[in-house]
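Here are some exercises to work through with the model open beside you. Try each task before reading its solution.

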Amino acid sequence: HAACADEQQQQQQQRGAGAASAADGACRADPDALAAPEAGTEFAQRYLHLGYEMSIADFLHALGDPTFVCPVTSAPLCAGGERRALSVPSLPEYVQLVTRFWLADGVRAQVGAFREGVESVFAFAPLMAFTPSELRALLCGRLHIEWEESELQRHIHPTGGLSRDTPPYRLLIEELLAMPHAERAQFLNFVTACPHLPPSGLETLEIEVAPQHAHLTTPTSQTCGNKLYLPPYRTAEELRNGLHVAFANAEYGGLHEAHTLHHH
């Protein structure tokens, strides 16, 4: 019973969060039209991506008489919010209160604690010279991973008897160029323990590729030294399959010290 209750609560929270997001889109699109009785019959199709028409009023009724509380935490958004019914005319105010709670009042304590932690090791004032996007790039790296063949050749180095002409190294470069973004992030995470590129790109990482001497058929790595060990693959398919197994095992601690394979 407890598990079912938890699941029902999670589903209600997900519906509520989705409703708040959809309501925000509707309010931004045409806030004055919300009050019209016939307005918004396309609401479910446009903002919830459902296959049928439903007005905003019908949608609010289907939620089960929602009130002015946070759709995720159920915290009141205003005095007596848990008793104040949410209606179509009051929807713009509700969206404003949810936005303020999610981005300001509701996270004020957490933001204050984070700021205090930063200031304990680094003065906060100099950080104000950077924009949020610049800070994200400096702290988290480049979220979009792009590289050219020449860059890969310069900063991924064959060692231990491998050369730029040996099949494992050559196949690796070709595979890295063909990889979609998600797999590039998995590769970086497997070899360097970070799924993003540093702001300056691969030149900060200087990855080494060496032969696999552990008699394994899958790649292994040493993230402390940005080293990748490759078996003597002869085809792109062998390399690709080996990398997929390695990426999957990153969820179980990787193939760094542990050698228990979890095949997917």
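**Exercise 1. Find the charged partner of Glu93 and say how exposed the two residues are.**

Step 1: Glu93 makes a salt bridge with Arg84, and their closest N and O atoms lie 2.7 Å apart. Here a salt bridge is a side-chain nitrogen of Lys or Arg within 4 Å of a carboxyl oxygen of Asp or Glu.

Step 2: Glu93 has a relative accessibility of 34% and counts as partly exposed; Arg84, at 31%, also counts as partly exposed. The cut-offs are under 20% relative accessible area for buried and over 50% for exposed, with partly exposed in between (1.4 Å probe, protein chains only).

A note on the source: this is a predicted model, in which local features need pLDDT of at least 70 and side-chain atom pairs count only at pLDDT 80 or more, while totals for chains, interfaces and linings use all residues. Residues are numbered from 1 along each chain as its sequence is written, and side-chain values use heavy atoms, with hydrogens and water left out.

**Exercise 2. Place the salt bridges of Glu119 and Arg108.**

Step 1: The structure holds seven salt bridges. One of them links Glu119 to Arg115, with 3.7 Å between the closest N and O atoms.

Step 2: Why can these two meet along helix α5 (residues 108-119)? Glu119 and Arg115 are four residues apart in α5, so about one helical turn separates them. Helices are DSSP runs (H or I, at least four residues) and strands are too (E, at least two), numbered from the N terminus.

Step 3: Glu119 is partly exposed with a relative accessible area of 43%, and Arg115 is partly exposed at 41%.

Step 4: Arg100, Asp105 and Arg108 are joined into one network by salt bridges that share partners. Within this network, the closest N and O atoms of Arg108 and Asp105 are 2.7 Å apart. Arg108 is exposed at 53%, whereas Asp105 is partly exposed at 38%.

**Exercise 3. Work out the strand order of the sheet and what packs on it.**

Step 1: Four strands form an open sheet in the order β1-β2-β4-β3, with mixed pairing. Two strands pair if DSSP finds at least two bridges between them.

Step 2: β1 (156-158) and β3 (220-222) are the edge strands, each pairing on one side only.

Step 3: Neighbouring strands are turned by 25° against each other on average, direction ignored. Axes are lines fitted to C-alpha atoms, for helices over the stretch in contact, and angles run from 0 to 180 degrees between N-to-C directions.

Step 4: Helix α8 (residues 167-178) packs on the sheet and touches β1, β2 (207-211) and β4, its direction making about 165° with that of β1. Contact means heavy atoms within 4.5 Å.

**Exercise 4. Trace the pairing around β4.**

Step 1: β3 and β4 (residues 227-230) run antiparallel and are joined by three bridges. Ser221 has Leu228 as its bridge partner, and Thr220 has Tyr229.

Step 2: β2 and β4 run parallel, with four bridges between them. Val209 stands opposite Leu228.

Step 3: Four residues lie between β3 and β4 in their hairpin, and Asn226 in the turn has a positive phi of about 55°.

**Exercise 5. Which elements have the lowest and the highest mean pLDDT?**

Step 1: pLDDT is the predictor's confidence in each residue, from 0 to 100. Its mean over the chain is 82, and 79% of the residues reach 70 or more.

Step 2: Helix α1 (residues 2-29) has the lowest mean among the elements, 48, and β1 the highest, 97.
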